[in-house]
Amino acid sequence: QVQLVESGGGLVQAGGSLRLSCAASGRTFSSYVMGWFRQAPGKEREFVARISESGGSTYYADSVKGRFTISRDNAKNTVYLQMNSLKPEDTAVYYCAASATPFAYFVAGSYDYWGQGTQVTVSS
């Protein structure tokens, strides 16, 4: 079992920035592909970004490409999501996820462990 705890969400004005953090338990954090997903009310959970075990490969949803940056610090067992130029459409609960055996980084079913989520609200 892997425990994931997100933090850093909050209320921000459009055009502003937030940095989300996801702290992971365990001693094998570096063996997991990490992803961020988000879910708005009435919407499906959607892929946001993912990062490879050592941070050498990243992928982003088209909706956030160029605005969001995923990174990780394996020494701290933490993955981050830097969110810039935020839009009201980014409002959602953001979830951190981990996968030891990824097969499709952009689908939620590829991930084994999930955090509790952190609310991000972007006002206009």
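This report describes the overall architecture of a predicted model and then turns to selected residues.

## Overall architecture

The protein contains 11 strands and zero helices. Along the sequence, the elements follow the pattern β-β-β-β-β-β-β-β-β-β-β. The radius of gyration is 13 Å, close to the 14 Å given by the globule rule for 124 residues, so the protein is as compact as a globular protein of that length. Taken along the principal axes, the box filled by the C-alpha atoms is roughly 40 × 25 × 25 Å.

## Burial, contacts and surface

Of the 124 residues in the protein, 44% are buried. Among contacts with a separation of 6 or more, 56% are accounted for by residues 24 or more positions apart.

The accessible surface of the protein amounts to about 6200 Å². Carbon and sulfur atoms contribute 47% of that surface.

## The loop between β9 and β10

Strands β9 (92-99) and β10 (113-114) are joined by a loop in which F106 is placed. Together with F103 and V107, F106 makes a nonpolar surface patch of about 330 Å².

S110 also has its place in the loop between β9 and β10. Is S110 buried or exposed? Its relative accessibility is 2%, and because the cut-off for burial is under 20%, S110 counts as buried. Leaving aside residues up to four places away in sequence, S110 touches S99, T101, P102, F103, A104 and Y105. One of these contacts, F103, is also a member of the nonpolar surface patch.

## T118 in strand β11

T118 belongs to strand β11, which spans residues 118-123. With a relative accessibility of 11%, T118 counts as buried.

Which residues does T118 touch, not counting those up to four places away in sequence? The contacts are E6, S7, G8, G9, L20, A92, V93 and Y94. Of these, A92, V93 and Y94 fall within the range of β9 (92-99). For G9, a polar contact is also present: the side chain of T118 reaches the backbone nitrogen of G9 at 3.2 Å.

## Summary of the local features

Two buried residues have been described in different settings: S110, at 2% relative accessibility, has its place in the loop between β9 and β10, whereas T118, at 11% relative accessibility, lies in strand β11. The loop that holds S110 also holds F106, one of the residues that make the nonpolar surface patch.

Notes. Residues are numbered from 1 along each chain as its sequence is written. This is a predicted model: local features need pLDDT of at least 70, side-chain atom pairs count only at pLDDT 80 or more; totals for chains, interfaces and linings use all residues. Side-chain values use heavy atoms; hydrogens and water are left out. Patches are made of residues with over 30% relative accessible area and no salt bridge: like charges are joined within 9 Å, nonpolar side chains (Val, Leu, Ile, Met, Phe, Trp, Tyr) within 5 Å. Accessible areas come from the Shrake-Rupley method with a 1.4 Å probe; for residues, only the protein chains shown count as cover. A salt bridge is a side-chain nitrogen of Lys or Arg within 4 Å of a carboxyl oxygen of Asp or Glu. Helices (H or I, at least four residues) and strands (E, at least two) are DSSP runs, numbered from the N terminus. Buried means under 20% relative accessible area, exposed over 50%, partly exposed in between (1.4 Å probe, protein chains only). A polar contact is a pair of N or O atoms within 3.5 Å; within protein, one must be able to donate a hydrogen and the other to accept it, and residues adjacent in sequence count only if both atoms are side-chain atoms. Contact means heavy atoms within 4.5 Å. The radius of gyration is taken over C-alpha atoms; the globule rule is 2.2 Å times the number of residues to the power 0.38.
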